[in-house]
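Trainee: Please take me through one part of this model closely. Which residues and helices should I look at beside the DNA?

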There are 2 protein chains.
Amino acid sequence: MAADALSRVFAALADPTRRDMVARLTLADATVNELAAPYDISLQAVSKHVRVLADAGLVTRSRSAQRRPVHLEAEVFDLMTAWLERYRRAAEERYRRLDDVLASLPDDDPTPSAGGNRP
Amino acid sequence: MAADALSRVFAALADPTRRDMVARLTLADATVNELAAPYDISLQAVSKHVRVLADAGLVTRSRSAQRRPVHLEAEVFDLMTAWLERYRRAAEERYRRLDDVLASLPDDDPTPSAGGNRP
DNA sequence: GTCGTACTCAACCGGTTGGTTGAGCACGGA
DNA sequence: TCCGTGCTCAACCAACCGGTTGAGTACGAC
């Protein structure tokens, strides 16, 4: 099971509907009803999606009257950014090291598909 | 279904075993056998994990003799970073803007949801 | 050829997920 | 006090996921 925090966050964002919700929540807090409006699924399904986001720490709930507005939490993004940045940098460094190796070789590299061109 | 690229990437990284594989692949390419070594699961299961990573575009395969080394691709990290950074920044900006709003708002009713839009 | 190594494909299994419907709770307003 | 609105809980279902085992393929070595 995806017990750890990072797994829950990644899993939560693996669903396009939930990513769309997150995108809209960056603009303003919203109720479950408001969140549900654009989608062709039941309110209960939306409620479940919100719960997944909340369990991942991506959003928090409050209560004002009958409404329970959903609020996006920015902090969890930092967690992901930290993980991503760490390995992205490592991967790129390794890639750069490969350039060194290739540069020291006599032949050239006529395959643009594999590498892309990283200046 | 999670057909789009971003969903596949997030889903692939939602598994701690696969994240660990990615972490180790930042150090060096590895074969399926090498990748499988630390884990207490079958080789076939590891092979499946590698396939998920490959389908997400996180790794590529090649063939040298019987070996099919797995190579980490850095480009997909850029895709995630772009998504993340976009919404992280938006969320933080909104947080900052909240101060402004609270300072300037007297009173307001911006959500007439009960009255009009219930299809 | 035959063998060993390094995988992959296929079928299966239990648990999780995304969706449904129906019932029920919490709260404010008439 | 009852009603309507907003939301959640519970049960169910089909599909998917991570794992297994067993068989099969690709390739180099002998």
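Mentor: Here is a walk along the surface near DNA strand C. The model is predicted, so local features need pLDDT of at least 70, side-chain atom pairs need 80 or more, totals use all residues, and side-chain values use heavy atoms, without hydrogens or water. Residues are numbered from 1 along each chain, and chains are lettered from A and ligands numbered from 1 as written.

Start with the count. DNA strand C is surrounded by 24 residues, each near it (a heavy atom within 4 Å). The closest are Ser42(A), Gln44(A), Lys48(A), His49(A) and Ser47(B). Of the DNA atoms within 4 Å of the protein, 59% belong to sugar and phosphate.

Next, the helices (DSSP runs of H or I, at least four residues). Chain A brings α4 (43-55). Chain B brings α3 (32-36) and α4. Each supplies at least two residues of this surface.

Now its chemistry. Nine residues are polar, nine charged and six nonpolar. Here Asp, Glu, Lys and Arg count as charged; Ala, Val, Leu, Ile, Met, Phe, Trp, Tyr, Cys and Pro as nonpolar; the others, Gly among them, as polar.

Finally, look at the phosphate oxygens of strand C. Ser47(B) places a polar side-chain atom 2.4 Å from one. For a polar side-chain atom of Arg61(B), the distance to a phosphate oxygen is 3.0 Å. Arg68(B) uses its backbone instead: an N or O atom there lies 3.3 Å from a phosphate oxygen.

How values were computed
A polar contact is a pair of N or O atoms within 3.5 Å; within protein, one must be able to donate a hydrogen and the other to accept it, and residues adjacent in sequence count only if both atoms are side-chain atoms.
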